[in-house]
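Here are my notes from a first pass through this one. Have the model open beside you as you read, and tell me where you would push back.

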Amino acid sequence: MWERYCASVGMAEYTPEDESAQRVLARADEAMYVNKMSFKQLYGSYR
């Protein structure tokens, strides 16, 4: 039996406009989901 796993990574750089590290992590999370949706639109689902 084969099982598939995937990982997604989001990156964001701390900027002077960021109020906290939590905001930087939220931007990284947003970037990850935008990238994931773009991939699925181009190539379909990875499953």
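1. What share of the 47 residues in the chain is buried? Buried residues make up 9% of the chain. Bear in mind throughout that this is a predicted model. The chain exposes about 4,600 Å², and carbon and sulfur atoms supply 57% of that area.

2. On the overall layout: the chain has one helix and zero strands. Along its principal axes, the C-alpha trace spans about 45 × 25 × 10 Å.

3. I checked the helix for length. Helix α1 covers residues 21-43. With 23 residues at 1.5 Å a residue, α1 should span 33 Å, and its end C-alpha atoms are indeed 33 Å apart, so the two values agree. Right after α1 comes G44, which takes a positive phi of about 80°.

4. Which residues of α1 are buried? They are V24, A28 and M32. Look at the spacing along the sequence here: an α-helix has 3.6 residues a turn, so residues three or four places apart point the same way.

5. D18 deserves a look of its own. This residue sits in the segment before α1, and at 7% relative accessibility D18 counts as buried, because the cut-off for that class is under 20%. Leaving out neighbours within four places in sequence, D18 is in contact with E13, R23, V24 and R27. V24 in that list is also one of the buried residues of α1.

6. Now the charges. Side chains of opposite charge can pair when their charged atoms come close. How many salt bridges does the structure hold? There are two. One joins D18 to R27, with the closest N and O atoms 3.0 Å apart. The two partners fall into separate accessibility classes: D18 is buried at 7%, whereas R27 is partly exposed, with a relative accessible area of 24%.

7. The other salt bridge is between the side chains of E30 and R23, at 3.3 Å from N to O. E30 counts as partly exposed at 44% relative accessibility, and R23 is partly exposed as well, at 30%. R23 turns up among the contacts of D18 too, while the salt bridge of D18 itself goes to R27.

8. Towards the end of α1, have a look at the nonpolar surface. F39, L42 and Y43 form a nonpolar patch there, with about 380 Å² of accessible area together. Within the patch, F39 is partly exposed at 38% relative accessibility, and Y43 is exposed, with a relative accessible area of 60%.

9. Last, the aromatics. The structure holds one aromatic pair. Its members are F39 and Y43, whose ring centres are 4.9 Å apart; their planes meet at 45°, so the pair is tilted. For the reasoning, planes under 30 degrees apart would count as stacked and those over 60 as edge-to-face. Where do the two residues lie? Both F39 and Y43 are in helix α1, four residues apart, which is about one turn of the helix.

How values were computed
Residues are numbered from 1 along each chain as its sequence is written. This is a predicted model: local features need pLDDT of at least 70, side-chain atom pairs count only at pLDDT 80 or more; totals for chains, interfaces and linings use all residues. Side-chain values use heavy atoms; hydrogens and water are left out. A salt bridge is a side-chain nitrogen of Lys or Arg within 4 Å of a carboxyl oxygen of Asp or Glu. Buried means under 20% relative accessible area, exposed over 50%, partly exposed in between (1.4 Å probe, protein chains only). Patches are made of residues with over 30% relative accessible area and no salt bridge: like charges are joined within 9 Å, nonpolar side chains (Val, Leu, Ile, Met, Phe, Trp, Tyr) within 5 Å. Accessible areas come from the Shrake-Rupley method with a 1.4 Å probe; for residues, only the protein chains shown count as cover. Rings of Phe, Tyr and Trp (its six-membered ring) pair if their centres lie within 6.5 Å; planes under 30 degrees apart count as stacked, over 60 as edge-to-face and the rest as tilted. The expected span of a helix is 1.5 Å times one less than its number of residues. Contact means heavy atoms within 4.5 Å.
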